[in-house]
Amino acid sequence: DAVERGEYRHYMLKEIHEQPQALADTLEGRISGGRVLTQILGVDADALLAQTEAVHIVACGTSYHAGLVARYWIESLAGIPCTAEIASEYRYRNPVVRPGTLFVSISQSGETADTLAALKLAKARGYLAQLAVCNVPESSIVRESSLVLMTRAGPEIGVASTKAFTTQLAALGLFALAFAHAKGLDEARYLDGVRQLEQLPGLVAETLKLDAEIEALAADFADKQHALFLGRGTHWPVAMEGALKLKEISYIHAEAYAAGELKHGPLALVDADMPVIAVAPNDALIDKLLSNLEEVRTRGGELYVFADHDVGSRVDDSRTLVMPACGEIAAPVVSTIPLQLLSYHVAVLRGTDVDQPRNLAKSVTVE
Ligand code: G6P
């Protein structure tokens with residue numbers, strides 16, 4: 001055990017630091033000449049993508065958050081309707097499937113009971129095809145799917161998912177860009193998106209250098225009972241993932257809200273005992289997010305802003321963490337890293353069992 005963890009105190013920390021390599025492995029051989037190779041989705045991929053008029057994504061837990069990010073990408077880049085939902089809801093709600101719909105399941109283990117059951121249901125519902133985004137090649141979900149796009153994160157031991165999530169985003173980014181290209185995405189935006197994927201390993205390595213700064217920040221959270229995470233656009237599901245990480249391993253109650261919903265409830269909770277973490281990279285929604293943060297500040301909330309170089313100088317607050325600036329595809333991956341590190345260091349300070357949090361399992365194979 002200690003040998004496998006190497007220099008790291010926990011598997012989770014090791015897996016967080018493995019992300020540049022896991023991302024490079026997931027992208028390896030799938031991009032050529034600045035373009036996504038569509039064959040990675042199978043020999044008939046071009047015909048399939050051309051026929052696809054809608055996408056239904058289904059997953060659980062962290063994998064569901066990856067699906068929510070992909071939903072923003074697919075609608076914005078490909079201009080094709082996309083839903084992302086929790087497998088345990090999908091499988092019992094009689095989903096309506098229009099002709100030309102592609103089913104996508106996302107699972108690290110490929111064995112999650114609800115996701116597998118949703119996939120089996122989908123196979124009887126007349127989808128064009130079932131694509132699995134999965135980390136375990138010989139798993140049930142891979143075997144049951146007609147198309148497979150493997151993440152190559154390697155074994156993930158920590159119950160709280162880290163490198164599986166970011167490699168899912170990389171794989172879904174490849175899919176979204178290939179799909180969008182087939183649907184006539186503007187060439188410059190396509191090439192820029194692919195370039196961002198290629199830059200991911202380096203950007204994540206750079207972001208990991210914030211570790212010591214985040215460890216220092218974690219002290220502020222160790223005695224808190226609650227935390228609120230805010231984001232907009234693709235950074236809303238990233239905020240959801242940050243909140244999930246914190247509750248899973250530090251047992252602090254954490255909630256994520258789309259920042260625009262602040263006034264519809266969570267603002268009532270804001271006081272000095274409720275730290276508010278905003279995921280705030282520079283994107284089209286940044287001005288709206290900054291004005292939401294002002295509302296938190298004027299109500300005496302303790303604000304932590306995870307910004308990038310372009311935003312950092314606009315946030316007048318000492319607790320600003322500056323991440324590398326990057327575009328629409330790379331930003332959700334990069335923004336996830338500090339949130340993983342924050343939850344890790346808070347959990348260590350609270351003395352919890354980081355790799356095996358109470359009551360949770362790595363793979364939920366029973367309903
Ligand atoms: C469990 C794990 C999570 C994971 C979820 C879905 O809850 O603790 O880390 O995100 O299952 O698992 P899957 O293997 O389908 O991605």
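**Exercise 1.** Which residue in β6 does V104 stand opposite?

*Solution.* The model is predicted, with local features requiring pLDDT of at least 70 and side-chain atom pairs counting only at pLDDT 80 or more, whereas totals for chains, interfaces and linings use all residues. Residues are numbered from 1 along each chain as its sequence is written. Begin with the strands, taken as DSSP runs of E with at least two residues, just as helices are runs of H or I with at least four, numbered from the N terminus. Strand β5 covers residues 101-107, and it pairs in the parallel sense with β6 (residues 129-134) over six bridges, where pairing requires that DSSP finds at least two bridges. Within this pair, V104 stands opposite L131.

**Exercise 2.** Identify the strand that contains the bridge partner of V58, and describe how that strand is covered.

*Solution.* The bridge partner of V58 is S105 in β5, and β3 (residues 54-59) pairs with β5 in the parallel sense over six bridges. Next, consider burial, for which 20 or more other C-beta atoms must lie within 10 Å of a residue's own, with 12 or fewer counting as exposed, values in between as partly exposed, and C-beta atoms placed from the backbone. Seven of the seven residues of β5 are buried. In a regular strand, side chains alternate between the two faces of the sheet. Accordingly, examine each side: T101, F103, S105 and S107 are buried on one, and L102, V104 and I106 on the other.
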